[in-house]
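Work through the following exercises with the structure open beside the text. Each one sets a task and then solves it step by step.

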Amino acid sequence: MLCADISMELPLDELPNKREELLAVGAVHARDVHALCNDVAAMVFPSAITPPTEATISAVTGKLVALVSDIESRLQISRADAAGGLPGTWQLLARSGFLREADLVDFMLARVAEDRLEAKIPASTPQLSAQLLAHADANIAEAAQSLLAADSLHRRTRGLSYQALRPELLHRLCWRVVAALEVGNGRRDEQVVENARALISDYDEGQTALTAAHKLVHFLDEEYLADLLDPEKAGLHIYVARLAQGLQIDHDHVLHLIDSHSSAPLGVMLRAVGCNAEQAMASIYLFKGFSLTPRDVALFERGFEVLEQDIAHAEVCRWGYARAQYLAFQQKI
Amino acid sequence: MITRTPLSQPIRGDVGSDGQLIFADAALRRLHHRAGGQEGGALAIPGLAALAALTLRLKMRLSRAVRVADENEDMELWVEAVPEGDIAKLSILSWRALSAGIPTPEGDLREQHFKAIDADSALLFDTSLRLVSAAGDVAMQLERVDFGKAASDILQKITGDVRRTQPILDAMNAKQAFAAVRVSTVDHAEMLISGHPQVMTNGDISGYRCDLHFALLPKVADPAAGSPGVLFGRQLAPVLRQPLGRIIANAETIGSELNGPIRENYALYAKDIANAARHLSALVDDLGDLEAVERPNFATARDNIELGDITRRVAGLLALKAADHSIRIVTPTDDHKVPAVAEFRRVLQILLNLVTNAIRYSPDGTEVFIDIAIEEDFALVMVSDQGAGIDESDYERVFEKFERLGRSGDGGSGLGLYISRRLARAMGGDLTVAKAASGGAKFTLRLPVRQT
């Protein structure tokens, strides 16, 4: 069809330079088709098409090391047997395969994506959570405070990285570290077990940035809806929580989709939650500004309004379903 | 989109390690009872029960949005769960009533979406009211050529009830919503059709959606209700087609190794599965048609058609299948036109059957000829092949039900020619077979010619 259209405009039996023009047009379209195929393939087979870069792998490893170190530290384990700066239980945990489990790696990849995306939001932008500290509704003020606290750089670097984990993951990781320690030492240390229990009972899911953001999205009334879909005003956590709540997909899945190499998934998500084209383009420029190609912009301009909201929503639901299946399957094996 | 009900005090409840609701404030107790729970029984609200179980298992304080279904609405609750010994202490801090969330300018949004979910089938039209998408049972009644057709054609095809569909078409043309218009179907069942325009966030109309409800109504007296075929075509065939379609799609995906390489014999098994499912699917189609044509009141539409056009469409649809066997399908030239009066899709169905048979039973590298002509008051389509032909003594037997002339394992059901002849006769014509000049079989479809 494409060739037919082009040949109607540029007959092949005309001047030679027309042929070259035709080849050039053909080459551009071929690249577009190839890029579109990549977009589709990346959504269907994300890890195969867009394998994590060395930088991502390194960032995930760094976060995992910090996490295990922080837990060990909280359990008051001596670092004397740590080798090469790695936590004492690292080798055992790595050999057991635990550090490669899909949900743990997925969580870490989401945090890396979160770091990358947060860096794109200007730090000077006033964020909604700071304004909400004085909100009349105590639930909102409390959630805003939790979000700010969880998000503070200070807290992230004070050895409390495990507090950001989802409860199921923290529970598993904590007891795996305890078990690895027992194996490593050849004996059980009741003090370590007590400390692990204390760590777990001290944990409060409501204090994680993710939960605080979701709580804000739940509690805030319609007057804030427009702000919630503006990442510069809402901040990344609330913005992502709003998308996740509206689309009924996982928070970390939204992060992965925004962080994908293409702007198409973000465009589809924004259409599915009912953003207008202007709002959507602002988000896309913010997160994808550096990598936007003329093709992305043309696709957006042509496709956004034509794409129906319920069809976009159904598409996002399919992605959510595929991801849930993938994680469940990985978990089983 | 969402309405939150602020709570002056949290609603509290205690759940035991066995899932029993030990204590609950009145609001939670009412919700529990409406969900089918009993006093002193297990907490009957799945989301809350799961949260309680999780907080007890992990021994952690949890804080989450939990979605629950109340009898009249879906709600999102914000719940904090704290483990205290063997008891999970739940505090519900707020709840929100949820809607499906796709804005439309008129009508009760919630009701529209409920109806849409509840509908057995749905049809989606573009702004020009041409069919773009179909879902549910009704999709099984439609063919590829139906997409792009006007709403009037589609509704007439589904309902056969021109008089009652007129108000629906009027509402659709005016881009207005309508609710629960009762019409009869071609199968003499009754259904309710509701419709509303599809509206984008900027207020522009992007299309029109019709939701069809079959099961809610008792069927009117149907002269064919006692025949076993009605049950099959109307109820069983769609149920069978859907899983078969999935089997075919999945098996083809595996067989073509789209998700990565697999062992060769597994790929071959997958292709065998796809072929077997395709055969079953064709059989389901044939049995559905068989049921239709055997009803005493079976009738076809009287479309003005042009046979040359249909033969070229058939050749296009089967070009790949023919090419697999190096068979060439020879069709009439574009300027050769023969007008006729018959139902377009039924003629297409007959010709697809005849040409598929011709390809199936012809040696590789031969030709299948489709020709058209006018003979007295009849428009003719002749399909002839260069195969072994059919013995003259079998000229009638080949049109009998389940007759395979001793052949097996070729993917046929023995119903195609029987159905095709019944269809041809229902349209005022006939289907016969004779010997082709090349020695193969020559099938002739006769249809009433259209006087121009």
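**Exercise 1.** Among contacts in chain B between residues at least 6 apart in sequence, what percentage join residues at least 24 apart?

*Solution.* Begin with the conventions: this is a predicted model, in which local features need pLDDT of at least 70 and side-chain atom pairs count only at pLDDT 80 or more, while totals for chains, interfaces and linings use all residues. Residues are numbered from 1 along each chain as its sequence is written, and chains are lettered from A and ligands numbered from 1 in the order in which they are written. Next, a contact requires that the C-beta atoms of two residues, placed from the backbone, lie within 7 Å. On that basis, the share for chain B is 57%. To complete the picture of this chain, note that it holds 12 helices and 17 strands (DSSP runs numbered from the N terminus, with H or I of at least four residues for helices and E of at least two for strands).

**Exercise 2.** Find which residues of H8(A) are buried, and decide how they are placed around the helix.

*Solution.* First locate the helix: H8 of chain A covers residues 138–151, and its 14 residues reach 20 Å from the first C-alpha to the last, close to the 20 Å expected at 1.5 Å a residue (the expected span being 1.5 Å times one less than the number of residues). Then apply the burial rule, under which a residue is buried if 20 or more other C-beta atoms, placed from the backbone, lie within 10 Å of its own, exposed if 12 or fewer do, and partly exposed in between. The residues of H8(A) that count as buried are A:Ile140, A:Ala143, A:Ala144, A:Ser146, A:Leu147 and A:Ala150. Seen down the axis of H8(A), these buried residues fall within an arc of 160 degrees, so they line one face of the helix (the arc is that of the directions from the helix axis to the C-beta atoms).

**Exercise 3.** Trace the five-stranded open sheet of chain B and say which strands stand at its edges.

*Solution.* Two strands pair if DSSP finds at least two bridges between them. Following the pairs gives the order E12-E14-E15-E17-E16 in chain B, with mixed pairing. E12 (328–330) and E16 (430–435) of chain B are the edge strands, each with a single partner strand, so one side of each has no neighbour in the sheet. At the E16 edge, six bridges join E16(B) to E17 (residues 441–448) of chain B, and the two run antiparallel. Finally, H12 (residues 416–426) of chain B lies across E16 and E17 of chain B, at about 125 degrees to E16(B) (axes are lines fitted to C-alpha atoms, for helices over the stretch in contact, and angles run from 0 to 180 degrees between N-to-C directions).

**Exercise 4.** Compare the surroundings of B:Leu129 with those of B:Ser326.

*Solution.* B:Leu129 lies in the loop between E6 (121–125) and E7 (131–136) of chain B, and its phi is near 60 degrees, a positive value in a residue other than glycine. It is partly exposed, with 17 other C-beta atoms within 10 Å. B:Ser326 sits in the loop between H10 (319–324) and E12 of chain B, with a positive phi near 55 degrees. B:Ser326 has 10 C-beta neighbours inside 10 Å and counts as exposed.
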